[in-house]
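Colleague: Please take a close look at one residue in this predicted model. I would like to know where it sits, what surrounds it, and what the neighbouring parts of the interior are like.

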Amino acid sequence: MTGRYRVIILLLITIFNYSFSRIPDDDKDGINKIRNNNITKEEILQHIKYLSSDLMEGRFPGTKEDSLTESYIVSEFKHYNLMPFAENSYLQPFQMITQMQLKENNKLQIVQNGKTESLQTGKDFIPLGFSGNGRAEGNIVFAGYGITAPDQNYDDYRDRDGNEIDVNGKILIVLRYSPGGINPHTNPFQKYEALRYKALKARDTKASAIIIVNEFNTGDDKLIELNYDNAPQNAGIPVINCKREMVENIFNTIGLNLTSIQSEIDSTKKSNSFELKNTSAIINTQIEPVKVITHNVLGFIEGNDPDLKNEVIVIGAHKDHLGYGLYGSLYTGADKQIHNGADDNASGVAGLLEIAQKVSSQKEDLKRSILFIAFGGEEAGLLGSEYFTKSGLFHKLKIDAMINMDMIGRLSDNKLIIYGTGTSAIWNNLLDSLNKQFNFIISKIPDGLGPSDHSSFYLKNIPVLQFFSGAHKDYHTPTDDYEKINSGGEERIANFVYEVGMTLDEIRDKPGFIKVAARSNENPSLEDIRVYVGTIPDYSAAEEGMKLSGVREGSPAEKGGLKGEDVIIKFGDKDVRNIYDYMYAMNEHKPGEEVEIIVLRDKKMLTLKVILGSR
């Protein structure tokens with residue numbers, strides 16, 4: 001196409017309100033894009049097809065494909081004439097941990113009857129991703145499944161006669177899972193099966209290390225993969241997984257049969273723990289986190305009103321997904337597959353881009369400023385949005401509201417879910433009024449907290465709305481592909497979000513913020529009773545303990561005096577090194593109990609008393 005004809009076509013597009021055309025541009029991705037200043041299903045699908053293609057390999061943070069995703073969004077922002085906002089850049093960098101890696105100093109030696117056998121790292125044993133680093137040496141104690149379950153009158157830290165076993169300084173061999181069987185609906189021990197729980201129990205009883213051994217009846221003796229479980233704080237003691245074959249050899253050497261012992265425990269539901277005669281181990285573990293740099297992508301449109309342009313509306317969506325499922329995957333297959341994340345959350349990014357394009361085409365009419373953000377690290381715990389709300393960029397803004405889009409591509413039966421409707425007094429009437437032109441069947445959820453990036457803004461006392469088209473079976477699996485996207489439905493949702501944003505832009509008074517009171521379960525059934533505290537973890541925190549982003553309004557935590565930025569280091573009589581320690585400690589108590597919680601606040605130790613609630 002010659003330059004002359006291209007100019008003519010562009011003029012025609014302008015005259016006819018940017019009717020559909022395919023205009024080659026010089027974007028780095030090289031895609032021959034549909035361009036239209038209106039929000040259209042064709043452009044939505046175009047964005048999603050690219051962002052969720054196999055080329056992008058699941059948009060995992062810190063990868064080449066993550067950079068491609070960022071380049072795509074930056075290219076679009078530039079095309080819409082959005083201004084860079086992060087230190088004269090569209091990119092706000094931050095660091096995150098994505099996985100764990102083995103270092104050179106890992107060792108497992110078994111000493112029996114004066115003979116030492118060295119096992120091979122990665123073949124016979126491997127540290128777990130939450131293992132502590134260091135050396136442990138001591139006699140070996142077989143501690144069954146490593147479970148203490150008072151509700152089942154079961155304790156693996158006692159022998160078959162009920163006598164307590166001294167495990168101080170010992171190395172424990174512990175079976176995976178529990179004696180409750182494989183059916184989660186009939187297994188009363190299921191809540192005790194987590195390996196983090198077993199490691200915490202071993203640490204609390206002063207064991208020096210723990211060896212996890214595989215089941216005998218699954219037919220699978222593969223080592224557990226060295227994965228990161230999204231908690232940077234480790235278990236405090238070495239934790240390794242050893243092949244069952246190796247452990248059976250240890251038992252056979254002293255005339256015991258591990259399979260028979262396990263079968264007896266399973267059938268009787270009684271512990272049978274003991275110290276192995278003339279058997280000790282030497283363990284050394286050394287693993288370290290893999291830290292990567294990813295980015296939030298920010299594009300800014302300045303308003304025109306002399307006063308209101310200093311106020312900002314944030315519109316956001318997260319850009320990252322699971323890659324090959326290193327964390328967060330619900331895929332149960334043995335092979336590694338790309339998790340393309342078409343709905344989660346290429347759909348949200350597509351909506352973000354389409355709204356940015358439309359707003360920019362009308363920017364001369366804007367009163368307030370609008371900041372568009374594609375967040376990184378959401379799947380690992382809202383890391384990007386939390387980083388932004390702690391940054392200098394956030395603190396120099398007067399943000400009136402935040403609107404988030406996460407999984408808006410699978411509208412079904414015209415049902416739309418909107419979170420945060422209780423965070424401002426204006427939301428309900430505004431949404432009802434605007435919905436008259438869309439006729440969605442809306443489910444309103446008042447709470448401003450939830451598993452997406454709007455939560456980070458709510459915790460900073462900013463009114464939020466989160467748009468969501470609903471859950472589906474492809475969530476966090478390799479089958480979340482673009483072919484299943486309802487692009488027409490997303491077009492309507494994105495237009496709804498646009499109308500919300502433009503209505504906020506027009507009103508003189510900014511929406512007031514409301515903290516939504518925590519719901520309590522006043523009359524729970526017995527099987528539903530669970531302890532409720534109302535703490536909100538800070539998943540980006542690296543310090544030992546459990547740091548809080550905040551506490552829920554009206555919750556036991558708030559009534560007991562806990563605050564955001566507190567670091568919980570003890571819950572009752574349990575030390576807390578990480579969020580897992582906290583959860584397991586909490587679950588050892590019952591609603592209505594008063595518990596002492598020790599926190600670090602401004603580097604000073606403070607003891608608070610909290611009466612536990614229920615949910």
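Modeller: Tyr498 lies in helix α12, which runs over residues 487–506. In this predicted model, Tyr498 has a relative accessible area of 6%, and because that is under the 20% cut-off, the residue counts as buried. Leaving out residues up to four places away in sequence, Tyr498 is in contact with Ile39, Ile355, Lys358, Val359 and Gln362. Glu483 is 15 residues from Tyr498 in sequence, and their C-alpha atoms are 25 Å apart in space.

One of the contacts of Tyr498, Ile355, also belongs to a nonpolar core of 56 residues, whose members include Ile48, Leu51 and Phe467 as well. Two of those names, Ile48 and Leu51, recur in helix α2 (residues 41–51), where the buried residues are Glu43, Ile44, Gln46, His47, Ile48, Tyr50 and Leu51. Helix α12 comes back here too: the buried residues of α2 pack against α12, and also against β2 (33–34), α3 (64–79) and α7 (342–361).

The largest nonpolar core is a separate one, with 57 residues. Within this core, the residues with the most contacts are Leu108, Phe142, Phe251, Leu562, Ile568 and Phe571. Helix α14 (residues 579–586) gives the core its largest share, six residues. To take one member, Leu108 touches Glu117, Ser118, Leu119, Phe125, Ile211, Ile240, Cys242, Ala281, Ile282 and Ile283, again without residues up to four places away in sequence. In soluble globular proteins, nonpolar side chains tend to be buried together.

As for empty space, the structure has three cavities of 30 Å³ or more, and the largest cavity holds about 90 Å³. Its lining is made up of 13 residues, and those nearest the centre are Gln233, Asp538, Tyr539, Met546 and Ile579. By type, the lining of the largest cavity has seven nonpolar, four polar and two charged residues.

A polar site can be set beside these. Asp447 is in the loop that links β20 (441–445) to α11 (454–458). The side chain of Asp447 makes a polar contact of 2.4 Å with that of Arg552. Besides Arg552, Asp447 touches Tyr419, Gly420 and Val516, with residues up to four places away in sequence not counted.

Notes: Residues are numbered from 1 along each chain as its sequence is written. This is a predicted model: local features need pLDDT of at least 70, side-chain atom pairs count only at pLDDT 80 or more; totals for chains, interfaces and linings use all residues. Side-chain values use heavy atoms; hydrogens and water are left out. On a 1 Å grid over the protein atoms alone, a cavity is a set of points where a 1.4 Å probe fits but cannot get out, and a pocket is an open set with protein on both sides within 12 Å along at least five of seven lines; lining residues have an atom within 4 Å of a point. Grid points are joined across faces, edges and corners, and a volume is the space filled by probe spheres set on the points. Ala, Val, Leu, Ile, Met, Phe, Trp, Tyr, Cys and Pro count as nonpolar, Asp, Glu, Lys and Arg as charged, and the others, Gly among them, as polar. Helices (H or I, at least four residues) and strands (E, at least two) are DSSP runs, numbered from the N terminus. Buried means under 20% relative accessible area, exposed over 50%, partly exposed in between (1.4 Å probe, protein chains only). Contact means heavy atoms within 4.5 Å. A polar contact is a pair of N or O atoms within 3.5 Å; within protein, one must be able to donate a hydrogen and the other to accept it, and residues adjacent in sequence count only if both atoms are side-chain atoms. A nonpolar core is a set of buried Ala, Val, Leu, Ile, Met, Phe, Trp, Tyr and Cys residues joined through side-chain atoms within 4.5 Å.
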